[in-house]
Amino acid sequence: MIIQPKVRGFICTTAHPVGCARFVHKQIEYIRSKPSLSGPKQVLIIGASTGYGLASRIATTFAAGAKTIGVFFEKEADDKRTASPGWYHSVAFEKAAHQAGYYAKSINGDAFSNSIKEQTAELIRRDFKTVDLIIYSVASPRRLHPVTGQLHSSVLKPIGQPFVGKTVDAFRNEIKEVRIEPATETEIADTVAVMGGEDWAMWIDYLAQQDLLSTHCLTVAYSYIGPALTHAIYKDGTIGRAKEHLKATSDQLNQRLQKWQGRAVVSVNKAVVTQASAAIPVVPLYISLLFKVMKEKDIHEGCIEQIYRLLSEHLYSAEPLSLDQEGYIRLDDLEMRLDVQQRIMTLWPQVTAENLTQLTDIKGYCDDFYQLFGFKLEGVDYNVDVDPVAKIPSFT
Ligand code: NAD
């Protein structure tokens, strides 16, 4: 089958197995070019197949030599469709990890459910005994609550007042004004139920109850804050409310983890192109400007660079964990630098459809987007017939 990208809105409905493998190998190559770390040895990553979770799996394996169990929710290929990119990433990751002699097993299913938690706990008990690092990197539009049976759908809306702002249709090179009405109380509560900390806490509490946590265990969840430009839609919007809940959850988990001398922490990461961030209005235009400015200043980073820094400079550095005043790890320090943000603020009002390619790195944004699905990767011949069916090694 010849596989081409099919973009619908902010999603691509096809994925390329060879390109996705190349995407994973590039990240492995980056980690191999860095000094190895004495880090965690037995790691559980929830949301391990794309974006920050995939980078976390690659970095803990190839920098620290960790054994990993990855949980994700991906689709296998069938007669009509290619697999989802996270499926192909996981195929490529496991193959590379096994080839290098590392343990790597995966569980595909709904992390919000009790059954996936039970299945994961069983695997930890059998193969690890305990886990020393749990990374929570799930980004989902909905959650079926395992206790109430209610289906919660998250929304990306402002709170209190309508949001009117500039956004980009990256694939049509169009600048548009969007108006988004404020969320209702129910929508806010639903978004918190999906993207807040409840499921993270359920995971940690369940693993604790099953006696599967190592002494000094760490658990990390990821968040984003961003500059004032995006606050109305992000930090002060429904997703921001969910992220506040995530932070409050880390404070509660910290109390409960004292028994293991463990720690829960939220890491505020940089804005990058992932399936999750592409869906947020305004953010793609902001990212296009951010990339332009950070590349000009030679401080640009993607998920893998960020996560290597998280491990080497924060979680497993010889220094005590350095947190900001509110208790966050700040991996977004370069993004939030005054000179970077001032430059973006200067450029933002000037951007039009006509100068989009000059003033912003819209090309870099689009390339990164395609690469999430295995397209536009150097060294991959997209005219060659490929088999879309691929097995995740630990599933066979
Ligand atoms: P992503 O869409 O690339 O990855 C999401 C992961 O969650 C995938 O592995 C997917 O399979 C998994 N997943 C989704 N629903 C699931 C379910 N029901 N059960 C099991 N797994 C499920 O997302 P991302 O952008 O890497 O986001 C991960 C975290 O990082 C989020 O908390 C996000 O807010 C945060 N973050 C993202 C950015 C950014 O710019 N993308 C910046 C800072 C922080």
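These legends go with close-up views of a predicted model.

**View 1. The sheet, strand by strand.** Here's an open sheet of 7 strands, in the order 5-4-3-6-11-12-13 with parallel pairing. Strand 5 (104-108) and strand 13 (329-330) sit at the edges, each pairing on one side only. Strand 11 (residues 213-223) and strand 12 (residues 263-268) run parallel and share 6 bridges. One spot to look for is serine 223, whose bridge partner in strand 12 is valine 268.

**View 2. Two helices lying across strands.** Helix 2 (residues 51-64) lies across strands 3, 4, 5, 6 and 11, at about 170 degrees to strand 4. Helix 6 (residues 198-209) lies across strands 3, 4, 6, 11 and 12, and its angle to strand 11 is about 170 degrees.

**View 3. Nonpolar cores.** The largest nonpolar core has 101 residues, and Ile58, Tyr286 and Leu315 touch the most other members. Helix 10 (residues 283-296) chips in the largest share of this core, 9 residues. Apart from it there's another core of 37 residues, including Ile124 and Trp203. Setting aside neighbours within four places in sequence, leucine 315 is in contact with Leu133, Leu218, Val220, Val265, Leu310, Leu321 and Ile329.

**View 4. Around threonine 238.** Threonine 238 belongs to helix 8 (residues 238-256). Threonine 238 counts as buried because its relative accessibility is 0%, and the cut-off is under 20%. A polar atom of its side chain lies 2.5 Å from the backbone oxygen of valine 155. Beyond neighbours within four places in sequence, its contacts include Leu156, Lys157, Ala183 and Thr191. Valine 192 is 46 residues away along the chain, yet the C-alpha atoms of valine 192 and threonine 238 are 7.4 Å apart.

Terms used:
Residues are numbered from 1 along each chain as its sequence is written. This is a predicted model: local features need pLDDT of at least 70, side-chain atom pairs count only at pLDDT 80 or more; totals for chains, interfaces and linings use all residues. Side-chain values use heavy atoms; hydrogens and water are left out. Helices (H or I, at least four residues) and strands (E, at least two) are DSSP runs, numbered from the N terminus. Buried means under 20% relative accessible area, exposed over 50%, partly exposed in between (1.4 Å probe, protein chains only). Contact means heavy atoms within 4.5 Å. A polar contact is a pair of N or O atoms within 3.5 Å; within protein, one must be able to donate a hydrogen and the other to accept it, and residues adjacent in sequence count only if both atoms are side-chain atoms. A nonpolar core is a set of buried Ala, Val, Leu, Ile, Met, Phe, Trp, Tyr and Cys residues joined through side-chain atoms within 4.5 Å. Two strands pair if DSSP finds at least two bridges between them. Axes are lines fitted to C-alpha atoms, for helices over the stretch in contact, and angles run from 0 to 180 degrees between N-to-C directions.
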